[in-house]
Amino acid sequence: EAPELSERYLEQVNRALYHEKTRKRIEQFASGSNLSLREPVVVNGKKFPPLLETAMTLSAAIPKPIAMDISVCHGDFFYGNMFFDYRASRIVAIDPRGGFVPGSPSIWGDRRYDIAKLAHSAVGGYDHILLGRSKLSINGINDWTLNLPIAAVSDEISEFFIDEATSSYGISEDTLFALTALLFFSMLPLHADDPDRQHKLLTNGFRLAAKAKLGW
């Protein structure tokens, strides 16, 4: 049996991608911002538990990967790393991650992670936030309203993407949104150069978390 299909590797991928990285990144973000990890959050009128608690609830709701989920993975599979070659009629992806388990460079990983990375562009509106095409209103402490342009959250594109993720890759809608929300939370410290963008990504993570139907 290939090492990447072993129970040990599956557990390592699950722990590294959806638990350890998320907790580490959120704590890193909190240490450099004025957001308390102990206070509840309100986004678009909906109340959520504190950020870390919300993220850990999402992590726990994601089924552990099985052998079928392990495949060649890119690791940062979003629109900004893709180019369309018109002459060859194919998509070219750049800047692969290079490993999913710390200290173990490999092309193998959880394909659901790649699908979620693509979803944070196709469904989550990531690129529109990156380009400044969103508006964040501050209503109070830990209380925000995020407005995204219609093009960023197209129902037609979202429905097509969700149907494809479910039918072709066996990823449920709730799992897809849990994975995608976690990506927005875990990328927060990477955008420390722009606090306004950071908070838009933060609030968008909560907006997507609500779609995972975990009681919020």
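Helices here are DSSP runs of H or I with at least four residues, numbered from the N terminus. The model they are assigned in is a predicted one.

With that naming in place, the largest pocket can be described. Helix α3, residues 111-122, gives the most to the lining of this pocket, with three residues. Helices α1, α3 and α6 each supply at least two residues of that lining. The lining has 15 residues, and R25, D76, K117, M187 and L190 are those nearest the centre of the pocket. By kind, six of the lining residues are nonpolar, four are polar and five are charged. The space in the largest pocket comes to about 260 Å³.

The next topic is the nonpolar interior. In soluble globular proteins, nonpolar side chains tend to be buried together. In this model the largest nonpolar core has 59 residues, and the members that touch the most others are L51, L58, F161, L176, F185, L202 and F206. Helix α6 gives the most to this core, with nine residues.

One of those members, F185, can be followed further. Leaving aside residues up to four places away in sequence, F185 is in contact with I26, L51, T54, A55, L58, L202, G205 and F206. Among these partners, L51, T54, A55 and L58 are buried residues of helix α2, which spans residues 51-61. The other buried residues of α2 are L52, M56 and S59. Together, the buried residues of α2 pack against four elements: helix α1 (7-31), strand β2 (46-48), helix α6 (173-186) and helix α7 (195-210).

Helix α7 also holds R197. Is R197 buried or exposed? The cut-off for buried is under 20% relative accessible area, and R197 counts as buried because its relative accessibility is 16%. Not counting residues up to four places away in sequence, R197 touches I129, L130 and H191.

The last part to look at is a hairpin. Strand β4, residues 82-85, pairs with strand β5, residues 90-93, in the antiparallel sense, and four bridges join them. Within this pairing, F84 has I91 of β5 as its bridge partner. In a regular strand, side chains alternate between the two faces of the sheet. Four residues lie between the strands of the hairpin, and S89 takes a positive phi near 55 degrees.

Definitions and conventions
Residues are numbered from 1 along each chain as its sequence is written. This is a predicted model: local features need pLDDT of at least 70, side-chain atom pairs count only at pLDDT 80 or more; totals for chains, interfaces and linings use all residues. Side-chain values use heavy atoms; hydrogens and water are left out. Buried means under 20% relative accessible area, exposed over 50%, partly exposed in between (1.4 Å probe, protein chains only). Contact means heavy atoms within 4.5 Å. On a 1 Å grid over the protein atoms alone, a cavity is a set of points where a 1.4 Å probe fits but cannot get out, and a pocket is an open set with protein on both sides within 12 Å along at least five of seven lines; lining residues have an atom within 4 Å of a point. Grid points are joined across faces, edges and corners, and a volume is the space filled by probe spheres set on the points. Ala, Val, Leu, Ile, Met, Phe, Trp, Tyr, Cys and Pro count as nonpolar, Asp, Glu, Lys and Arg as charged, and the others, Gly among them, as polar. Two strands pair if DSSP finds at least two bridges between them. A nonpolar core is a set of buried Ala, Val, Leu, Ile, Met, Phe, Trp, Tyr and Cys residues joined through side-chain atoms within 4.5 Å.
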